[in-house]
Amino acid sequence: MRTVYACVLDVAVRSPETASQGFARLWTTATEWVEMLYMEQWRTPCRVVANEPRIAPLPHHSILAQRDGVSGVCELATLEWSYPDDQDGGLQWTIAAQFARNGIKLEASVAIRIVSTYPIAKPLSYTLKRPSLVDKILQNFTCSIGKSPIPLKPRELERFDIDLFVDEVLCSPDRWLPIVAISPQQGTRDYLVDPVELQQTLLGHAQVVSFKDVFAGRAWTDALGVKELSCYLGAVRLYWPGFTRKAKPPEHPLFMADSIRFHTEQHQPLGQHLFRTLVAVSGFRFSNPPVARLVREAIDGFKQARFHELLKNAKAHEESGQILQELERAWDQIKVLQQERDEIRNQVAELSRELEAQKEAWQGYRGQRPGAPGQDGPPPSSLPRAPVRTVVEAVERASADFMLTLIFLPDALESARQSPYRGAEKVYALFQALDEVTRLWQQKGSLGTGWHDALKPKGFDYAEFISPTAKGKYGIEYTFRYEGEPILFQHHVTIGARSPDTCISIHWHRDEERKRLVIGWCGKHLSNTQS
């Protein structure tokens with residue numbers, strides 16, 4: 001499961017409404033939103049009720065709503081809604097909303113996750129949009145991220161506003177919300193990007209400010225004191241939180257006017273690029289929303305205390321029944337938490353790769369070539385991931401992790417499913433090595449040293465061909481259909497030896513046009529003159 005959107009909002013209520021009433025209104029907003037969508041899109045009545053069994057309003061749809069809390073202290077509510085993609089039947093969307101109240105503090109979080117329901121080897125194609133639930137929350141509540149209020153409209157700055165804004169907002173150490181600055185070209189409000197449209201696109205993820213005229217733009221440059229950190233002549237700049245006048249210019253992306261015009265003509269608007277960049281970053285914060293974490297700990301502590309109290313007073317049959325109910329609920333929660341733990345580990349690794357892809361996309365957007373391997377730069381992060389336990393899990397994980405370099409045929413998945421090989425981590429390590437070498441092939445056009453020399457330092461012995469005898473006698477076993485054509489998959493790596501539980505072979509074909517590796521087999525050693 002992959003997180004493609006995440007947003008965490010700190011919510012405030014205005015007197016005379018209490019935090020408890022605000023929490024109830026948040027929950028009603030979410031449940032009515034789902035019920036309304038079913039009526040408008042599918043003409044299907046739907047009733048979302050907390051703490052009831054999971055419901056399926058339509059085939060392949062599911063809704064699960066849960067509420068819990070400690071009376072008078074804190075509350076937690078979750079709403080998980082899954083449904084299939086309109087175009088791709090193998091793609092399932094899940095919108096997860098979570099609301100937490102701890103005393104007077106309110107928090108709302110919304111995430112979108114996608115998962116493939118069957119292992120088809122092709123890239124994902126989907127259109128990502130902000131859930132309209134986020135818009136409803138922002139329009140009906142006063143929201144912020146930390147101490148940064150979330151605006152619904154862009155702010156226009158005149159030259160007299162610049163100094164105060166730079167000192168108190170842009171350079172504030174308490175600012176958690178990114179700022180996107182839009183400069184006019186040469187006159188008044190002659191922007192290449194519409195500030196109102198851009199603020200709507202980035203709603204909840206950034207504050208958009210626009211300079212009224214070139215005089216405001218010059219005042220911005222003067223206030224920063226460093227021209228390289230400024231934004232002028234129709235350019236747009238993203239200022240991350242933590243910005244200071246001593247910041248390094250490359251750390252805060254600048255989009256020049258010519259680049260904005262070109263990508264607009266190519267139907268690649270800047271707003272969508274910024275949206276994807278900001279969503280990828282904010283996904284890290286969603287994994288552990290602070291208020292929800294404290295509330296969950298308080299609820300768990302309350303349940304444990306209540307359980308121990310029941311144990312001390314277990315004298316009546318009724319009380320024994322309550323203990324059993326508490327145990328069953330605890331077991332269910334443990335299973336859910338274990339699943340969430342594994343999902344979060346996968347999400348951390350996936351988000352790390354998404355951020356690297358965003359960096360490359362940004363360099364390409366600016367007309368620059370992404371940095372090639374071997375250039376100076378920080379080493380890639382090594383984030384923890386769940387262990388790979390079976391060969392089929394290694395194939396499924398690699399299919400999701402390396403979709404830009406590796407294509408897995410159905411035969412590869414089926415052979416992996418039947419393989420008893422015990423070194424699944426070694427198999428995943430091979431796919432990781434193939435991904436790294438293929439990326440180098442894609443960037444440079446060739447490896448220079450050859451595939452054998454590229455894989456040998458990574459611990460794998462590569463063979464480019466099968467023996468002529470095996471080819472003539474058992475060639476059908478090594479032949480797989482790719483894009484409708486039968487192809488002999490000769491390139492291979494064999495790990496281990498002897499029996500199927502200690503030996504495995506991976507065969508692939510090099511798609512020279514797409515510069516990708518097509519994995520056709522990942523299982524027991526295929527027939528040869530020695531088997």
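**Exercise 1. Locate Ser172 in this predicted model, decide whether Ser172 is buried or exposed, and state which backbone atom its side chain reaches.**

Solution. Begin with the chain context: Ser172 sits in the loop that runs between helix H3 (162–170) and strand S9 (179–182). Next, take the accessibility, which for Ser172 is 15% in relative terms; since buried means under 20%, Ser172 counts as buried. Finally, follow the side chain of Ser172, which reaches the backbone nitrogen of Asp174 at 3.2 Å.

**Exercise 2. Describe the sheet that contains S9, giving the order of its strands, and work out how H3 is placed relative to this sheet.**

Solution. The sheet is open and has five strands in the order S8-S10-S9-S11-S12, and the pairing is mixed. Its edges are formed by strand S8 (155–157) and strand S12 (254–255), each of which pairs on one side only. At the S12 edge, strand S11 (residues 236–239) pairs with S12 in the antiparallel sense over two bridges, and Val236 has Phe255 in S12 as its bridge partner. With the strands placed, H3 can be added: this helix lies across S8, S9, strand S10 (207–211) and S11, and runs at about 160 degrees to S10.

**Exercise 3. Determine which residues of helix H2 are buried and which elements these buried residues pack against.**

Solution. Helix H2 spans residues 132–140, and within this helix Leu133, Val134, Asp135, Ile137 and Leu138 are buried. The second step is to list the packing partners of the buried residues of H2, which are S1, H1, strand S4 (91–102), strand S5 (105–116), strand S6 (142–145) and helix H4 (195–201).

**Exercise 4. For the backbone at Pro16, His60 and Glu483, state what is notable in each case and where each residue lies.**

Solution. Start with Pro16, in the loop between strand S1 (2–12) and helix H1 (19–42), where a cis peptide bond with omega of about 15 degrees joins Ser15 and Pro16. Continue to His60, which is found in the loop between H1 and strand S2 (62–70); the phi of His60 is near 70 degrees, a positive value in a residue other than glycine. Because its relative accessibility is 64%, His60 counts as exposed. End with Glu483, placed in the loop between strand S15 (479–482) and strand S16 (485–488), whose phi is positive at about 55 degrees although Glu483 is not a glycine. With a relative accessibility of 53%, Glu483 counts as exposed, the cut-off being over 50%.

Conventions. Residues are numbered from 1 along each chain as its sequence is written. This is a predicted model: local features need pLDDT of at least 70, side-chain atom pairs count only at pLDDT 80 or more; totals for chains, interfaces and linings use all residues. Side-chain values use heavy atoms; hydrogens and water are left out. Helices (H or I, at least four residues) and strands (E, at least two) are DSSP runs, numbered from the N terminus. Buried means under 20% relative accessible area, exposed over 50%, partly exposed in between (1.4 Å probe, protein chains only). A polar contact is a pair of N or O atoms within 3.5 Å; within protein, one must be able to donate a hydrogen and the other to accept it, and residues adjacent in sequence count only if both atoms are side-chain atoms. Contact means heavy atoms within 4.5 Å. Two strands pair if DSSP finds at least two bridges between them. Axes are lines fitted to C-alpha atoms, for helices over the stretch in contact, and angles run from 0 to 180 degrees between N-to-C directions.
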